Amino acid sequence: MWRSLICMLHSAIPIPNYTFASRGLLSTFSLPDYGVSVNWLKNGFLVDMAYEKIGKVLKLDSISTGHLWLGADVLIFNSYHWWTHSGRFQSWDYFQYGNKTVKEMDHMEAYKIAMTTWANWVDTNIDPSKTRVFFQGVAAVHFNAKEWGEPSDKGCIKQTEPLKGSTYPGPPVPGEAILKTVLSKMTKPAYLLDITLLTQLRKDGHPSIYAGAGPKLIDCSHWCLAGVPDTWNQLLYAALVQS
């Protein structure tokens, strides 16, 4: 979404004078003639990941890097994709909440705790008169073609068209309800860029087996179709100008 956004901004300027810098987890695209900078700070969990003797600990009730979010006119948050990982694909070794450190727990319960921690941080630290807060909703995956009535297909491989209509025949995405519940309880509500149904219908929007690791890796969770992130940014633009 961020790369799509900076490409759209770049193309909107007749003779773009810009700078691009990447340092650690922070990437910055600036348009000095307009006094605009668009930053991307990579943190797929929003809460803290600590590297301790026992391993990588995902601290569900801790945000120590929130100062990096302060001072922006617009903040856009996102977190879900990495929470669904398990086994060798997960990027943590332990969960920590309060005084408890556990090897495993229900990932959606952990997601709910972490998003509540984030919501409390926003309520405590953000002034809505100075900073607008958005949350990019939960994006769907397409590993199971049975969900749209094609059980003989292998997920998103060779899918070239979106689903017809405006409803998705498969099950809901678990994180969608959790996120909406957390957002509804905030005292300083964030605007939800609700893209879940949009992504559910775009079964054709994934790298499939073309993600760079050969045909053994079926990537039906990341997105590559240009029209999808561009659409996310069109929705962002509409939300920004409507108020």
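# Exercises on a two-domain chain

In this predicted model, the domain assignment divides the protein chain into domain 1 (1-42) and domain 2 (43-236).

## Exercise 1. The interface between the domains

Task: Determine how far apart the centres of domain 1 and domain 2 lie, and how many residues of each domain are in contact.

Solution. Begin with the C-alpha atoms: the centres of domain 1 and domain 2 are 23 Å apart. Next, count contacts, for which heavy atoms must lie within 4.5 Å. Six residues of domain 1 then touch 13 residues of domain 2.

Task: State what area is buried between domain 1 and domain 2, and which residues of domain 1 lose the most area.

Solution. The size of an interface is often expressed as the accessible area lost when the parts come together. Here, about 830 Å² is buried between domain 1 and domain 2, and carbon and sulfur atoms contribute 68% of this area. On the side of domain 1, the greatest losses to domain 2 fall on Met1, Leu41 and Lys42, which together account for 67% of what that side buries.

## Exercise 2. Polar character of the interface

Task: Establish how many salt bridges and how many residue pairs in polar contact link domain 1 and domain 2.

Solution. First, apply the salt-bridge rule, which requires a side-chain nitrogen of Lys or Arg within 4 Å of a carboxyl oxygen of Asp or Glu. The result across the interface of domain 1 and domain 2 is zero salt bridges. Then turn to polar contacts: four residue pairs are found between the two domains, both residues at pLDDT 80 or more. As to the origin of the side of domain 1 that touches domain 2, helix H1 (residues 2-11) supplies the largest share, with three residues. By class, that side holds four nonpolar residues, one polar and one charged.

## Exercise 3. Strands and hairpins

Task: Describe how strand S2 (residues 26-31) pairs with strand S3 (residues 36-41) and with strand S1 (residues 19-23).

Solution. S2 and S3 run antiparallel and are joined by six bridges; one pairing sets threonine 28 against asparagine 39 in S3. Four residues separate the two strands of this hairpin, and glycine 35 in the turn has a positive phi of about 65°. S1 and S2 are likewise antiparallel, over five bridges, with threonine 19 partnered by serine 30 in S2. Two residues lie between S1 and S2 in their hairpin, where glycine 24 in the turn has a positive phi of about 65°.

Task: Identify how many bridges join strand S4 (residues 48-52) to strand S5 (residues 55-59).

Solution. The antiparallel strands S4 and S5 share five bridges. Methionine 49 faces leucine 58 in S5, and the hairpin has two residues between S4 and S5.

Terms used: Residues are numbered from 1 along each chain as its sequence is written. This is a predicted model: local features need pLDDT of at least 70, side-chain atom pairs count only at pLDDT 80 or more; totals for chains, interfaces and linings use all residues. Side-chain values use heavy atoms; hydrogens and water are left out. Domain bounds come from an automatic or database domain assignment. Buried area is the accessible area (1.4 Å probe) that two parts lose on being put together, summed over both. A polar contact is a pair of N or O atoms within 3.5 Å; within protein, one must be able to donate a hydrogen and the other to accept it, and residues adjacent in sequence count only if both atoms are side-chain atoms. Ala, Val, Leu, Ile, Met, Phe, Trp, Tyr, Cys and Pro count as nonpolar, Asp, Glu, Lys and Arg as charged, and the others, Gly among them, as polar. Two strands pair if DSSP finds at least two bridges between them.
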